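Please open the model in your viewer and keep the sequence panel beside it, since each stop on this tour begins with a selection.

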Amino acid sequence: MACETRDTGEFKLVSRRKKRVSRVRNSSDPNVPLPEDDNDDNFSDVNCEVLFGRLLEAETELRSTLFADNVFHSMKSSLNALNVDGVSEILCYGLGPFLRLKSSKYQLALLLSLKNHYGSRVYVYDPIFSSKEIEFLLRFGFNVLNVNEEGKRIVENNVTLVYMPHCATHLTNNFLYANWGERLCKCILLTNSFSAVVDNLTAANRSGCIDYIVRIQPYVTEIALRNNFPHEEAFNDLNLHIFLEQDINKIPRNFWNEREEPCYRNTTIDYFTAKQTEQIDARISNYVSRPTG
C-alpha cells in the first residue's frame, strides 16, 4: 500500500497514480566511467579542501529545502509507526560518482544529513567510487565497504535505514532476499517506489524476475515523498518503505520458507556483480581501513 503523511505524523492512503519511469542509474552501463587508476587526474588541479567544502555546502543547501523537511517529517512518522526512537545504522548502495554528477552530490548531501541527524553508523559501497571520493567518504566518518555484497548484506538487530538512491531494482530484491523474514520490521527502505516497480513489472509481464519485491509489496507501508527538490532528477520516484509489525504478523509462517537465492539468468541486471568488481574491490581495499568500533 502507498501512503503519505499529514502534518500530524499519521499515515493516510493515497490513490495509486501512474508515475513516470524512474531514471535508475545503470551501473553496468559502459557509458558510466569506472575509476581506472588511482591518481584522480580529473581533480588534480582542484584544491581538495575546496572540493570537500563544496560537498559540505551541498548538505547545507539541501537541509534548507522543503524536500528535506518532508524527508525528515516522514522519517519521524515512520519511526513512530515502528515504535522506535532512531536509526542505529544506515546502509547505502549506489551513490555514484558524486564528484562528477550533480544528482549524486545531492544524494550524498541527504546521506550526510541523515547521519548527522540520527548519529547513525554509515556503511556505503559503490564500485565506481574514485579513490578521491573514498577519501572524502572516510573524512565524513563513513565505513566504506570493500566487498561487493550485491545488496545481500544481512542487518543485525538494529534499526537500519537502507538508502539506495536510484539503484537497480535487482539490488533491492537481493536485499529483501538476504533479510527475508521478521527482521524486515527493523528496516526502513529509502529507495525506488515498490508500487511503481510492481506496476511496471506487471505491465511488462516480468514479475517473476524480481520475486521478493513482488511478494512483499502487499505487506509494505509506502510513504510517498513529494519531490520538490530544485534538482528533481536527484530524488525522483524515491519513497520510504516500512514493514509494520501488525502487517508482518498477518503473513502465514510458510510465506517465509520459500527463500531461494535470486537468479537472473537470461535477464539484464543493472549492477556490477561481485565477479565483475573483483579488480575494483582489490584496489579499494588499499584505501579503506577496517571499520572501527
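Two strands are taken to pair if DSSP finds at least two bridges between them, and helices (H or I, at least four residues) and strands (E, at least two) are DSSP runs numbered from the N terminus. This is a predicted model, in which local features need pLDDT of at least 70 and side-chain atom pairs count only at pLDDT 80 or more, while totals for chains, interfaces and linings use all residues. Residues are numbered from 1 along each chain as its sequence is written, and side-chain values use heavy atoms, with hydrogens and water left out.

Begin by colouring by pLDDT, the predictor's confidence in each residue, from 0 to 100. The mean for the protein is 83, and 78% of its residues reach 70 or more. Among the elements, strand S2 (residues 11-13) has the lowest mean, 40, and strand S6 (residues 160-163) the highest, 98. Select residues 4-41 with some caution: pLDDT stays under 50 there, and the model has 92 contacts beyond four places in sequence for this stretch, a contact being heavy atoms within 4.5 Å.

Next, select S6 together with its partners. Strand S3 (residues 89-93) runs parallel to S6 and is joined to it by four bridges, with Leu 91 standing opposite Val 162. S6 also pairs in the parallel sense with strand S7 (residues 187-192), again over four bridges, and here Val 162 stands opposite Leu 189. If you follow the chain from S6 through helix H5 (residues 169-178) to S7, you trace a right-handed β-α-β crossover, that is, one whose path from the first strand over the helix to the second runs clockwise with the strands pointing away from the viewer.

Are the residues on the two faces of S6 buried or exposed? Thr 160 and Val 162 on one side, and Leu 161 and Tyr 163 on the other, are all buried, where buried means under 20% relative accessible area, exposed over 50%, and partly exposed in between (1.4 Å probe, protein chains only).

Stay with Tyr 163 and show its surroundings: leaving out residues up to four places away in sequence, its contacts include Leu 91, Tyr 93, Leu 111, Leu 190 and Phe 235. Along with Leu 108 and Phe 235, Tyr 163 touches the most other members of the largest nonpolar core, which has 50 residues; such a core is a set of buried Ala, Val, Leu, Ile, Met, Phe, Trp, Tyr and Cys residues joined through side-chain atoms within 4.5 Å. Helix H3 (residues 102-118) supplies the largest share of this core, eight residues. A second, separate core of 37 residues includes Met 164, Ala 168, Leu 176 and Tyr 264.

Now select H3 itself. Because 13 of its 17 residues are buried, H3 is largely enclosed by the rest of the structure. Just after H3, Gly 119 takes a positive phi of about 65°.

For the last stops, compare two single residues. Glu 61, in helix H1 (residues 48-63), is partly exposed, with a relative accessible area of 33%, and touches Tyr 106 and His 231 when residues up to four places away in sequence are not counted. Ile 216, in helix H7 (residues 211-216), is buried, with a relative accessible area of 0%. Beyond its neighbours within four places in sequence, Ile 216 is in contact with several residues, among them Leu 176, Trp 180, Phe 243 and Trp 256; the C-alpha atoms of Ile 216 and Phe 243, 27 residues apart along the chain, are separated by 9.3 Å.
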